[in-house]
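Here are some exercises to work through with the structure open beside you. Try each task before reading its solution.

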Amino acid sequence: MRTVIIAGNWKMNTTPADAGELAREIARRTRIDGVVRILCPPFVCLDVVRAALASPEVASPAGSGVWVGAQNVHHALAGAYTGEIAAPMLVGLADWVIVGHSERRRDAGETDAQIAAKLANAWNAGIRPILCVGEVLADREAGQAEAVVQGQVRGALAGASIPSAATTSSGGPDGAAGLPWLTIAYEPVWAIGTGRNARGSDAAAMAAAIRRVLDDLGIESSTIPILYGGSVTSANIDEFLAEPAIDGALVGGASLKVDEMAGIVARAGLTAQARAAVRHGASDAPRP
Ligand code: PGA
């Protein structure tokens, strides 16, 4: 049974003046066992958010339990790339990073080859990537959604060397042991920021299609968490969490609202509990 993950993508919102308080409030209101919580503020807020989460107010006695992620990383390691951020620069600031978000594929023209290089750079820096994939509406209407998403997965991951589960990174709230080195977020582009959702069953079918490609590529798909993203709120998250193939959510707009995050993580906590019960049930069961 895979870990349940709720990641908040703050996009180009918050400033160093207000990001710390928002992170602290979210940490305070989302303390639920079994849910991996990740906040991805803008680059310039990473340090403030990290410090806020380490403050005694939320970190005592056992740490805030909230991880910090970046929203992007460059495909090169250094050089003449004005305004860009390379993976080694994120070490100590972010333990996770969003890679290949559709807004970057669209606005920055990110290619599969660049996305593959971003993943490799993140892994080499000890940072855990969340790879975003998703079709545009025209693809879905043309019956091409699965083919497009499977192509994105293949383009990003063919030939990838994913660190082994045993490798641990430098830090994080509770130590990184056991956390996945690859997480995939399925985000249909037509559902992002539109208030329009995919159906849970469609998201689950896509997760199965993604896992088929992973297995094809020699990546043990049962260990890779797949999140849904696209207008997720506390009111609709249940539909996705009800699908065993879906392991949580990448949340945009709603992740800037403390009440919404509290509701979303609370719902995810129920899923995490149910999964833990299945795990214990299985291990307590008498052997034949
Ligand atoms: P949204 O964004 O929840 O605002 O639709 C999701 C995302 O882009 O990751």
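**Exercise 1. The ligand shell**

Find which residues come nearest to the ligand in this predicted model, then work out how the ligand is held by polar contacts and what kinds of residue surround it.

*Solution.*
Step 1. Start with the neighbours: 14 residues lie around the ligand, and Lys 11, His 101, Glu 187, Gly 193 and Ser 231 come nearest.
Step 2. Now look at the polar atoms. A polar side-chain atom of Lys 11 is 2.7 Å from an oxygen atom of the ligand, and a polar side-chain atom of Glu 187 is 2.6 Å from an oxygen atom of the ligand. Gly 252 takes part through its backbone, with an N or O atom 2.9 Å from a ligand oxygen.
Step 3. Turn to the cover: on its own the ligand has 280 Å² of accessible area, and the protein covers 95% of this.
Step 4. Finally, sort the shell by class, which gives five nonpolar, seven polar and two charged residues.

**Exercise 2. Two backbone angles beside the ligand**

Place Lys 11 and Ser 231 in the chain, and find the sign of phi for each.

*Solution.*
Step 1. Lys 11 belongs to the loop between strand 1 (4-9) and helix 1 (19-29).
Step 2. Although Lys 11 is not a glycine, its phi is positive, at about 50 degrees.
Step 3. Ser 231 sits in the loop that runs between strand 7 (226-229) and helix 10 (237-241).
Step 4. Ser 231 is not a glycine either, yet its phi is positive, at about 60 degrees.
Step 5. Link this to the first exercise: Lys 11 and Ser 231 are both among the residues that come nearest to the ligand.

**Exercise 3. Helix 6 and its surroundings**

Compare the span of helix 6 with the expected one, list its buried residues, and say what covers them.

*Solution.*
Step 1. Helix 6 takes in residues 112-124, which is 13 residues. From first C-alpha to last, helix 6 reaches 18 Å, close to the 18 Å expected at 1.5 Å a residue.
Step 2. The buried residues of helix 6 are Ile 115, Lys 118, Leu 119, Asn 121, Ala 122 and Trp 123.
Step 3. Their cover includes helix 4 (87-90), helix 5 (102-107) and helix 8 (145-157), along with strand 4 (96-99) and strand 5 (128-133).
Step 4. Look just past the helix: Gly 126 follows, with a positive phi near 80 degrees.

**Exercise 4. Two residues that meet helix 6**

Are Val 99 and Ala 76 buried or exposed? Trace their contacts with residues that are further off in sequence.

*Solution.*
Step 1. Val 99 lies in strand 4. Its relative accessible area is 0%, so Val 99 is buried.
Step 2. Beyond four places in sequence, Val 99 contacts Ile 115, Lys 118 and Leu 119, as well as Val 73, Pro 129, Ile 130, Leu 131 and Cys 132. The C-alpha atoms of Val 99 and Cys 132 are 6.2 Å apart, although 33 residues separate them along the chain.
Step 3. Ala 76 is in the loop between strand 3 (66-70) and helix 4. With a relative accessible area of 14%, Ala 76 is under the 20% cut-off and therefore buried.
Step 4. Leaving out residues up to four places away, Ala 76 touches Tyr 81, Ala 86 and Asn 121. Its C-alpha is 7.5 Å from that of Ala 117, 41 residues away along the chain.

**Exercise 5. Ser 255 and Thr 183**

Work out where Ser 255 and Thr 183 sit, and which residues each one contacts.

*Solution.*
Step 1. Ser 255 is in the loop between strand 8 (248-251) and helix 11 (258-284). Its relative accessibility is 0%, so Ser 255 counts as buried.
Step 2. The side chain of Ser 255 reaches the backbone oxygen of Gly 252 at 2.7 Å. Outside its neighbours within four places in sequence, Ser 255 contacts Gly 8, Asn 9, Trp 10, Ile 26 and Met 261.
Step 3. Thr 183 is part of strand 6 (residues 183-186). Thr 183 is also buried, at 0% relative accessible area.
Step 4. Not counting residues up to four places away, Thr 183 touches Ile 5, Trp 96, Pro 129, Ile 130, Leu 131, Pro 225 and Leu 227.

Technical notes. Residues are numbered from 1 along each chain as its sequence is written. This is a predicted model: local features need pLDDT of at least 70, side-chain atom pairs count only at pLDDT 80 or more; totals for chains, interfaces and linings use all residues. Side-chain values use heavy atoms; hydrogens and water are left out. A residue is near a molecule or strand if one of its heavy atoms lies within 4 Å of it. A polar contact is a pair of N or O atoms within 3.5 Å; within protein, one must be able to donate a hydrogen and the other to accept it, and residues adjacent in sequence count only if both atoms are side-chain atoms. Accessible areas come from the Shrake-Rupley method with a 1.4 Å probe; for residues, only the protein chains shown count as cover. Ala, Val, Leu, Ile, Met, Phe, Trp, Tyr, Cys and Pro count as nonpolar, Asp, Glu, Lys and Arg as charged, and the others, Gly among them, as polar. Helices (H or I, at least four residues) and strands (E, at least two) are DSSP runs, numbered from the N terminus. The expected span of a helix is 1.5 Å times one less than its number of residues. Buried means under 20% relative accessible area, exposed over 50%, partly exposed in between (1.4 Å probe, protein chains only). Contact means heavy atoms within 4.5 Å.
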